[in-house]
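Got the model open in your viewer? Here's a short tour, one selection at a time.

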Amino acid sequence: MRERRAWWKESVVYQIYPRSFRDSNGDGIGDLNGITERLDYLKELGVDVIWLSPVYQSPGDDNGYDISNYREIQQEFGTMEDFEHLLSEVHRRGMKLIMDLVVNHTSDEHPWFQESRKSRSNPYRDFYIWKEPVNGGPPNNWASRFRGSAWEYDQATGMYYLHIYSPKQPDLNWENPRVRRAVYDMMEWWGKKGIDGFRMDVISMLSKDPSYPDGEIKDGNPYGDGQPYYTNGPRIHEFLKEMNREVLSKFDWMTVGEGVGVGPKEALAYAGYDSHELNMMFHFEHVELNPGPYGKWNTNRVDLRELKAVLSQWQTQLEGRAWNSLFWENHDYPRAVSRFGDDSPAWREMSAKMLAVCLYMMKGTPYIYQGQELGMTNMHSQNLEDFRDIETFRVYQEMTGRGLVSHEEMMAYINHTGRDNARTPMQWSSARQAGFTEGTPWIGVNANYREINAEDEKMCSNSVLAFYKRLLKLRRSKDVILYGSYRLLLPDSPSLFVYERELDGERALIACNFTSMEQAFALPSGWEANRERLIGNYEGEEKNGILRPYEAIVWRC
Ligand code: NOJ
């Protein structure tokens, strides 16, 4: 069955983390005018939609994911006029722009929270989740996702408030219809400005289990895991259907929900074609494989068989029923080439291209995170002072403080999975500070910017950037890639990721070698003759019966 076409299914999305993209005024922090300056670069790359990580007013405890005013622009990033200028320049180039919607929580400096904490009877009290102490302590054992308790005691009224993230990010109370109304009004306000949709931060967390049970103690964390009780909660679909009715249905938007705790079955509920909620979900199963005794803090490599199983399950279970989002990287995860490929000089380019083929020839909307198209790598630093992320600092303090791990071990974990790996400045050129800023960047530029940068890659027909351009063009031109069904081949191979796509009798075969060794590869039956090679990351002839290190090829027939 053919899928119904939609612009958001055929678009390529590029995520911008504004602090680190391009600084136009020399204060070391990326800004809106910096983004406007570089729109032609994105257009040439083949981007259709830009997703802007938060640019709203914020004290910056979590780099903008702690919003104190939803209708103002953060001063460091510019003004509302700058935003409007950016939006019109995006539209003038035939691209679209979606904003980050962060409404599971606000900043504690948001006027709603400032009011809420004043007294138990304040009209804004119920905008947040307040609970009485239990046995002189927090209401339950839930851990904050940034470590420590998820509850903060507030002296003024003698109660605790919930903050699943930092104490400066109190959770909104979605049970309160006034909260929901205020959020919908704000969304509509942005809609009237002409934005093209939202990426919805931790949207699966809006509805909490009203009994607030204790969570399981695990991953070396002294606090309990509340995730089963604060994700996919009892009223989540009621809330999102309401949001859809009240706001989303009034606009021709793209909506993508961040699905913490969401598997394919849940995704069908959030984004099934008949669910009337969101267009699609981000899931994290493929980037959270192989956790260690401390959960995400590990140095483990991923087993390719597991990676294939997870990605394939998403492809097949959503087939004809919902739409996938395809991503390797965002501002919360390490660089893909360091994690799933090989970032050594010998194989960085080849493996970065292979990863692009592997994911972006699947069915779903591709998301590219800034710098991924250059093959940017993890930061590789042993000094905690080089890092900036609140999560990194809190986990370092907690895990080394309790003697669970040494400084060296913790730094190895942070280098492998920490969020700052993706937050170093965009590498524009080999000039000072990688051409990101004239000043001192808020976080250091990766030392490899002289070898990896956009200016050099633009000049080279063989670069990762040039390859991304060709790949995205190919994707756009082939309905079998956009809409074809998916079938995994060789599920048990520990080194090859091979799959087929099919639409109305046209077929594509995608074969990727995930190792730095040659691997024997026999073409599946029906592919020996009459195949046409569409793209590959090695120049020249194919090698019969073999995939070379990190080779990736796409054929059609
Ligand atoms: C998910 C965002 O992507 C992350 O950066 C942030 O820290 C949390 N949600 C809290 O908003």
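**Start with the domains**

Color by domain and begin with a pair: the C-alpha centres of domain 1 and domain 3 lie 30 Å apart. Keep in mind as you go that this is a predicted model.

To paint the chain, use 13–106 + 177–470 for domain 1, 111–162 for domain 2 and 485–556 for domain 3. Note that domain 1 comes as two segments.

Now show where domain 1 and domain 3 meet. How many residues of each are in contact? On the domain 1 side there are 26, and they touch 28 residues of domain 3.

**On to the ligand**

Next, select the ligand and turn on a pocket surface: the ligand sits in the largest pocket.

Expand the selection to the residues around the ligand, and you should pick up 13 of them. Which come nearest? Look for Asp62, His105, Asp201, His331 and Asp332. Color this shell by class and you'll see 7 charged residues, 4 nonpolar and 2 polar.

**Polar contacts**

Time for some distance lines, each ending on an oxygen atom of the ligand:

- Histidine 105: a polar side-chain atom is 2.9 Å from a ligand oxygen.
- Histidine 331: here the distance from a polar side-chain atom to a ligand oxygen is 2.8 Å.
- Arginine 419: a side-chain N or O atom lies 2.9 Å from an oxygen of the ligand.

Finally, switch on the protein surface and see what's left of the ligand. On its own, the ligand has 290 Å² of accessible area, and the protein covers 98% of that.

Terms used
Residues are numbered from 1 along each chain as its sequence is written. This is a predicted model: local features need pLDDT of at least 70, side-chain atom pairs count only at pLDDT 80 or more; totals for chains, interfaces and linings use all residues. Side-chain values use heavy atoms; hydrogens and water are left out. A residue is near a molecule or strand if one of its heavy atoms lies within 4 Å of it. A polar contact is a pair of N or O atoms within 3.5 Å; within protein, one must be able to donate a hydrogen and the other to accept it, and residues adjacent in sequence count only if both atoms are side-chain atoms. Accessible areas come from the Shrake-Rupley method with a 1.4 Å probe; for residues, only the protein chains shown count as cover. On a 1 Å grid over the protein atoms alone, a cavity is a set of points where a 1.4 Å probe fits but cannot get out, and a pocket is an open set with protein on both sides within 12 Å along at least five of seven lines; lining residues have an atom within 4 Å of a point. A molecule sits in a cavity or pocket if more than half of its atoms lie within 2 Å of its grid points. Ala, Val, Leu, Ile, Met, Phe, Trp, Tyr, Cys and Pro count as nonpolar, Asp, Glu, Lys and Arg as charged, and the others, Gly among them, as polar. Domain bounds come from an automatic or database domain assignment. Contact means heavy atoms within 4.5 Å.
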